[in-house]
Amino acid sequence: MKKTAYLAIFLAVVCGVCGVALAGVNAITAPIIEAMNSVTLADGSYSGSANGFGGPVNVSFTVSGGVITELEISGDSETPSIGGAAIPELQAAILEAGTIEGVDTIGGATLTSNGVFNAIRSALDGGAGSAPVENEPVESEAAQPDESETESTVETIDMTSVGDGSYSGSAAGFGGDVTVSFDVTGGVVSNFAVVGDGETPEIGGAAAESIAEAINTQQDLNFDAVSGATVTSGAIRDAIDAALQGGNGVETPVSDETDGQPIALSDGSYSGSANGFGGEVSVSFDVTDGTVSNMVISAESETPELGGAAAESIADAINASGSLDFDAVSGSTVTSTAIESAINAALGQGE
Amino acid sequence: MKGFLRGIVKENPVFVLYLGLCSTLAITTSINNALGMGVCVIAVLICSNAIISAMRHIIPDEIRIPVFIVIIAALVKCCALLLQAYIPSIYSAMGVYIDLIVVNCIVLGRAEAFASKNGIGASIMDGLSMGLGYTFALLLISLIRQIIATGAIALENPMSGATIFNLTLFPSEFTVSMFGTPTGAFLTFAVVAAVFTVWTKKDSKKAGEK
Amino acid sequence: MESITLFISAVVINNIILTHFFGMCPFLGVSKKMSSAVGMGLAVTFVIFGSSLLTYGLYYLVLVPLQIEFMDLLTFILVIAAFVQFVEMFLKKNSPALYKSLGIYLPLITTNCAVLYVAQQNISQGFNLIETIIYSLGVPLGFTMTLCIMAAIRGRLESADIPEPFKGNPIALIVAALMAIAFSGLGGLV
């Protein structure tokens, strides 16, 4: 009996010590966990993502009047019959409650459910992958240029009615302007590029890349919006529309001048391209009252530290001076020359 | 050094001893998750081996298993709480599998087979070695599964969410998403285990011939 | 969740071995003979059912009122270990043949992920008592069923010509992969 008592006491002591240690850790961590779980619902549009079961879960939602009023969830890597089936249930539950507090995880789909909750939390906290957007962009979404809607059900662009030429245009994206430039030859799109530095890299930025790839592969300006990056996708579509509407550099009348001469510029939007060091260099810019603005040079195939850096500084210089004259950057002669040729091409002087 | 390598190849806890399989198959959908789990297991292994080794002379033999379990459980729960508070992204990625480190046969197995019979220093090394072997196994399987299932390998910093790298190896039309499912896990594990069998047999054959 | 849906989901759709990978050690170790598979399955069912009820009561009657929920992992595993010890003693006295055939795997039920998993799920899914009973009976029944199917297949494999590297566990894992695909097809049931 004594032995059993000793064993029992020993075990109890070990449990006690472990329990105390645990209690200590718990005391330290509980407040932090508590703070993380509470959510403050400020009005605005949000999007975020977090890990679900098989991959990321993306959410985009709107809060108005302190309540979640719209919610889209996508989780393509979730098991269709479990997490995938749980998503509509969760969506309904969250919308009914207007918040995520008190909404239970769906039985059997805990990881997916937590992924959704964490995605919403991280969006609200302005954490990795999202930034809360205040009321303005919500309104401007509705007030987009009337040629397009921002949902994925946009009017299809009839490629056969798009004239040949180089186009560029821009529209307001998620965090800033989104600029597109592309060429059309015989109804086929090529060299589609999109620049959107204000977009969230992992969401809008990644969407822009995949959309550009899709357009260049299919050689068609119609693309599917990327779920979770609705605003950016819509902006790209608007930018394309703006480019098509706003005319292209090739058609705008231009006085004939040869290289090196001061060029009298007619107002309009221009874009052109030429071969640089490693590949194509394209430029797009606007002219208003004879002054150049919004010069964007994309030189993806140039050596980043040489041609790429040169392209940046040349663009800066042109935007600052408002004129197309610039000094070639030493060490990047090929790229500089290409930029000049691209500008000339844009102005219709041919290469 | 040889003893250290032992845990990684010859006595790899997963492919040779077939311990700790539950988490191995479940957590290996991406190398991020695999690393997270691996690091946790290494931490728990080292701490539990050290504590149990330190106490090995005073723990009565009859109740040694329950005592080991209590110590391991406390360590795992501490780990889970700390993760939940400080690195919530790993915590939510690993979900229920953190708590299940308690019943990970590797941890209890090493405590029983090694830490209860050897000094603290050796036990710590053993924990590290087995833990690394386990992590190596996790990484191997998750690398294969992630590449085949998504065509890309990606690693992100769990604390800031920043992507460390994201390499697309082949286009998504060629991926076999089945490898992200339990079926793929079993298949990958089966093939790697078979490869390991051949490899260790060759090694022991060579050693035998010498 | 409807009771029947919960039961079917526990047994088949979220099958503990083929979907969640819990209970792999006995799955690979005990599934070589049908008799030991059945015995193991029944033992596991008894342990999971009993310990689930005990831990459920422990959580809601002791841990929650005392606000020491963080002690759940520690106390659950102790309850499970004690319960397995009890089952071991019972079997040793009343059914020595079964006790012998289960061998080392009986005490290993303590570390069977499935037992702890079910205990935890009862809490984290917020089941009431009825749902807990259904779930903690359904899961081990699914386990037993899978174990028996595997034992039957492995019995056939004995006479098959298996490549050398795959003999033993690797071929069992390939069989498990095939079973997993088959079972995943049942996902649309509910």
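This passage describes the fold of chain B, its contacts with chain C, the nonpolar cores and the confidence of the model.

The structure is a predicted model. Chain B contains nine helices and two strands. Along the sequence these elements follow the order α-α-α-α-α-α-α-α-β-β-α. Of the 210 residues in chain B, 53% are buried. Among the contacts in chain B with a separation of 6 or more, 74% join residues that lie 24 or more positions apart.

The largest nonpolar core has 134 residues. The residues with the most contacts inside this core are Phe15(B), Met37(B), Phe186(B), Phe189(B), Phe22(C), Met24(C) and Ile109(C), a list that draws on both chain B and chain C. Helix H4 of chain B, residues 64-86, gives the most to this core, with 16 residues. The surroundings of one core residue can be described in detail. Leaving out residues up to four places away in sequence, Phe15(B) touches Ala137(B), Leu140(B), Ile141(B), Phe189(B), Val192(B), Ala193(B) and Phe196(B). A second, separate core of 24 residues includes Tyr46(A), Phe61(A), Val103(A) and Ala119(A). In soluble globular proteins, nonpolar side chains tend to be buried together.

A polar residue of chain B was also examined. Thr28(B) lies in the loop between helix H2 (21-27) and helix H3 (31-54) of chain B. Thr28(B) is classed as buried because its relative accessible area is 0%, which is under the 20% limit. The side chain of Thr28(B) makes a polar contact with the side chain of Arg145(B), at 2.9 Å. Beyond its neighbours within four places in sequence, Thr28(B) is in contact with Ser23(B), Leu138(B), Ile141(B), Ser142(B) and Arg145(B). Ile141(B) is thus in contact with Thr28(B) and is also touched by Phe15(B).

The interface of chain B and chain C was considered next. Here 33 residues of chain B are in contact with 34 residues of chain C. About 3000 Å² is buried between the two chains, and carbon and sulfur atoms account for 83% of that area. Cys22(B), Val103(B) and Phe186(B) supply 22% of the area that chain B buries against chain C, more than any other three residues. One salt bridge is found across this interface; it joins the side chains of Lys77(B) and Asp72(C), with an N to O distance of 3.2 Å. Three residue pairs, both members at pLDDT 80 or more, are in polar contact between chain B and chain C. On the side of chain B that touches chain C, at least two residues each come from H2, H4, helix H6 (96-99), helix H7 (105-115) and helix H9 (182-209). H9(B) gives the most to this side, with 13 residues.

Chain C also meets chain A. Nine residues of chain C are in contact with 11 residues of chain A, and the area buried between them is about 900 Å², with 66% from carbon and sulfur atoms. Phe70(C), Leu74(C) and Gln125(C) supply 49% of the area that chain C buries against chain A, more than any other three residues. Zero salt bridges are found across this interface, and zero residue pairs, both at pLDDT 80 or more, are in polar contact there.

Confidence was examined for chain A. The mean pLDDT of chain A is 74, and 81% of its residues reach 70 or more. Over residues 127-153 of chain A the pLDDT stays under 50, although the model has 46 contacts beyond four places in sequence for this stretch. Residues 247-262 of chain A also have a pLDDT below 50, with 28 contacts in the model beyond near neighbours in sequence. Where pLDDT is low, the predicted coordinates should not be read in detail.

Key
Residues numbered from 1 in each chain as written. Chains lettered and ligands numbered in written order. Heavy atoms only, no water. Helix = DSSP H or I, 4+ residues; strand = E, 2+ residues; numbered from the N terminus. Buried < 20%, exposed > 50% of the residue type's maximum accessible area, 1.4 Å probe, protein only. Polar contact = N/O pair within 3.5 Å; in protein donor to acceptor, adjacent residues only side chain to side chain. Contact = heavy atoms within 4.5 Å. pLDDT = per-residue confidence, 0-100. Core = buried A, V, L, I, M, F, W, Y, C linked by side-chain atoms within 4.5 Å. Buried area = accessible area lost by both parts, 1.4 Å probe. Salt bridge = Lys/Arg side-chain N within 4 Å of Asp/Glu carboxyl O.
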